[in-house]
Protein chains: 2
Amino acid sequence: MLAAVARDRQLHVEDVQDPVPGSGDALVAVRACGICGSDLHALRYAPNMKEMMEATGAPSPFDPDRDYVMGHEYAVEVLELGPDTAGVPAKPGDLVVSMPIALGPTGIEPIGYSNRYGGGYAERMLVTAGMCLKVPDGLDARRAALTEPMAVGLHTVNKSRIAPGESALVLGCGPIGLAVVASLHAKGIEPVVAADFSPRRRALAREMGAHEVVDPASEPAIAVWQRVDGGRHPLVIFEAVGVPGMLEAAMRDAPPQSRVVVVGVCMEHDRIQPMVGIVKELEVLFCFGYDPLEFQGTLESIADGRLRVDPLITGVVGVEGVPAAFRALADPEDQVKILVEPGGPATPTPTAV
Amino acid sequence: MLAAVARDRQLHVEDVQDPVPGSGDALVAVRACGICGSDLHALRYAPNMKEMMEATGAPSPFDPDRDYVMGHEYAVEVLELGPDTAGVPAKPGDLVVSMPIALGPTGIEPIGYSNRYGGGYAERMLVTAGMCLKVPDGLDARRAALTEPMAVGLHTVNKSRIAPGESALVLGCGPIGLAVVASLHAKGIEPVVAADFSPRRRALAREMGAHEVVDPASEPAIAVWQRVDGGRHPLVIFEAVGVPGMLEAAMRDAPPQSRVVVVGVCMEHDRIQPMVGIVKELEVLFCFGYDPLEFQGTLESIADGRLRVDPLITGVVGVEGVPAAFRALADPEDQVKILVEPGGPATPTPTAV
């Protein structure tokens, strides 16, 4: 089968052996798999990533120096159930999603950052059958594939403890920043101010529910929040950029007693001024992932229209075009979320769902 | 009157003019005033401190390039009430404490970091009469002077949201770390593990209620917590050292989903690895000061014995000995909390209360 294999910090589109389902696995055909910004990072920083994952105390057998296939935002069709899958709700022909976690023979492995459990930048892959959630009737694979990044947005908003009566400033309108905006909107937070250098991404933030958008090149984001909100509501700042210096800037701009929520993945060392945090008694909340209920709730919210994902989906590409899609994602004006669809166009192609 | 005047990053013991109470002020005689580690920092970093205070959005008229007198942990005797003090509870002869905040003619000023409102490293000073709390009968000035730092400990523990069933690791057993230990003990937290390089401070931590102490030079603090607690209770780490690198180390050692509470005042830039915080979903809570109810509650807890302060008080000194006391505090084996007592010994003298 065709797969975009990560090797030596580059992607190589190759014919590889089809995966064979082991105990508890389902063999599935990829119908749509979103390309995540973390994968662009990971290709460059895989060794750091492994080190960081292990910092959680859960050593992983992942070896980034060996081949692996990324892609953890997938909607897939079940082809075949492996051994020890009696009673699982998934059956061949079902369109399903799952948290990208596999229960493998040596323990839990993150799908897409594993040498055993390749991700969705391929024609076929393995998932843990018991973790599959059937996509509700009427929801297509493209929208269903957005479950994973939208769940990150919901989890981030949940962890922030933001409540109606508080306001939000979202720094960075990549897919995760936009997912945060969507969940803030669904929660009734007002105002939500979103900042990005890219006009296209600012327009998307408005479509996802931001009440005001700001180009930080022309005006400080915090100044726009002050103008729009008038300081009437406590502020929660969401840092969804993930480059060095952003956290320090967010802490500098944060009003006293406010929360700074870090969801942008900065894989380098970063500098802060602790005294700024102390004098203002800031809370800095680092967020990652989601829990199973958040994942399932997100799928349901997308299906019933409470969570709108259409504006995010800007392009599709076949497996052979994944390297070109990674390059296209470097330009924020060009693409936001590209879905990999085996059999799709050879180069990233704009699409509307 | 005699005062230890801060000028050019040094202390100069001089005869200065007695302060004259303005509207709302009380002229008071200092009975005991603790020397705070922040003052040792402040003497060195006063310009940063002013900058940081202003980062809260509350510009202060404090000019560290002009003379000022520090000392904000005071128990004082009211000598004379100034104009516009009708109805205040304080009257001449009362032993009182107050939050070190003065409501001056140009707004709020921090007592001890103000050119107008000098602190307790002097024979006399001004406080805002309406903010004075009468020291309960039977509590002496020495113990009452500990209200301020102990209130920081209580506030830090309150902000941490720690609850029985959780455990604590306190990094650094200076006065604030010890105050945190005391408040954790009063709250029934178990186990409390405290770390310090100094044998004397470790012994004090035990006296204040730590269940286990650790010398980080011989064993990592987190390893001792793991051994003592067995990972049975969620952990809250209190960083009470305040030197660069401590926050990064605390984040590295923190278990997933835990809280790191920063109360050590690091006045320099510091480096962290955001990815460590993200992967473990840490909360970093920066703490500062206390609120009026916490201050009052601390005074009451010291008076009724729930909060034990005696082990902290290791020395006394007259105003003329304040510079020598600052030097003595550089050695953690020598002194922990030195109280300035006008008329006291010319050099720091060990004492038991």
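## Contacts, strands and unusual backbone in a two-chain model

Apart from neighbours within four places in sequence, F286(A) touches K159(A), L247(A) and V262(A), together with M251(B), I272(B), P274(B), G277(B), I278(B), E281(B), L282(B) and V284(B), where contact means heavy atoms within 4.5 Å. This is a predicted model, in which local features need pLDDT of at least 70 and side-chain atom pairs count only at pLDDT 80 or more, whereas totals for chains, interfaces and linings use all residues. Residues are numbered from 1 along each chain as its sequence is written, chains are lettered from A and ligands numbered from 1 in the order in which they are written, and side-chain values use heavy atoms, with hydrogens and water left out.

F286(A) is also among the residues with the most contacts inside the largest nonpolar core, the others being Y121(A), Y121(B) and F286(B), and this core has 146 residues. A nonpolar core is a set of buried Ala, Val, Leu, Ile, Met, Phe, Trp, Tyr and Cys residues joined through side-chain atoms within 4.5 Å; buried means under 20% relative accessible area, exposed over 50%, and partly exposed in between, with a 1.4 Å probe and protein chains only.

Chain A is superposed on chain B by a rotation of 180° with 0.0 Å of shift along its axis, at an RMSD of 0.0 Å, and the two copies are thus related as by a two-fold rotation axis. The superposition is by least squares on the C-alpha atoms of residues with pLDDT of at least 70 in both copies. Because 100% of the interface residues of chain A are also interface residues in chain B, the copies meet through the same surface.

Within chain B, strand β12 (residues 192-195) is covered on both faces, with V192(B) and A194(B) buried on one side and V193(B) and A195(B) buried on the other. Helices (H or I, at least four residues) and strands (E, at least two) are DSSP runs, numbered from the N terminus, and two strands pair if DSSP finds at least two bridges between them. Strand β11 (residues 167-171) of chain B runs parallel to β12(B) and is joined to it by 4 bridges, and V170(B) has A194(B) as its bridge partner. The chain passes from β11(B) through helix α4 (residues 175-186) of chain B to β12(B) in a right-handed β-α-β crossover, that is, with the strands pointing away from the viewer, the path from the first strand over the helix to the second runs clockwise. β12(B) also pairs in the parallel sense with β13 (residues 212-214) of chain B over 3 bridges, where A195(B) is partnered by V214(B). Helix α5 (residues 199-208) of chain B completes a right-handed β-α-β unit with β12(B) and β13(B).

Just before β12, in the loop that follows α4, P191 is found in chain A and in chain B. The table lists the cis peptide bonds that precede these prolines, alongside residues with positive phi.

| Feature | Residues | Angle |
|---|---|---|
| cis peptide bond | E190(A) and P191(A) | omega about -5° |
| cis peptide bond | E190(B) and P191(B) | omega about 0° |
| positive phi, not glycine | D84(A) | phi near 60° |
| positive phi, not glycine | E281(B) | phi about 50° |

D84(A), in the loop between β5 (73-81) and β6 (95-97) of chain A, counts as exposed at 62% relative accessibility, whereas E281(B), in the loop between α8 (274-279) and β17 (283-286) of chain B, counts as buried at 6%.
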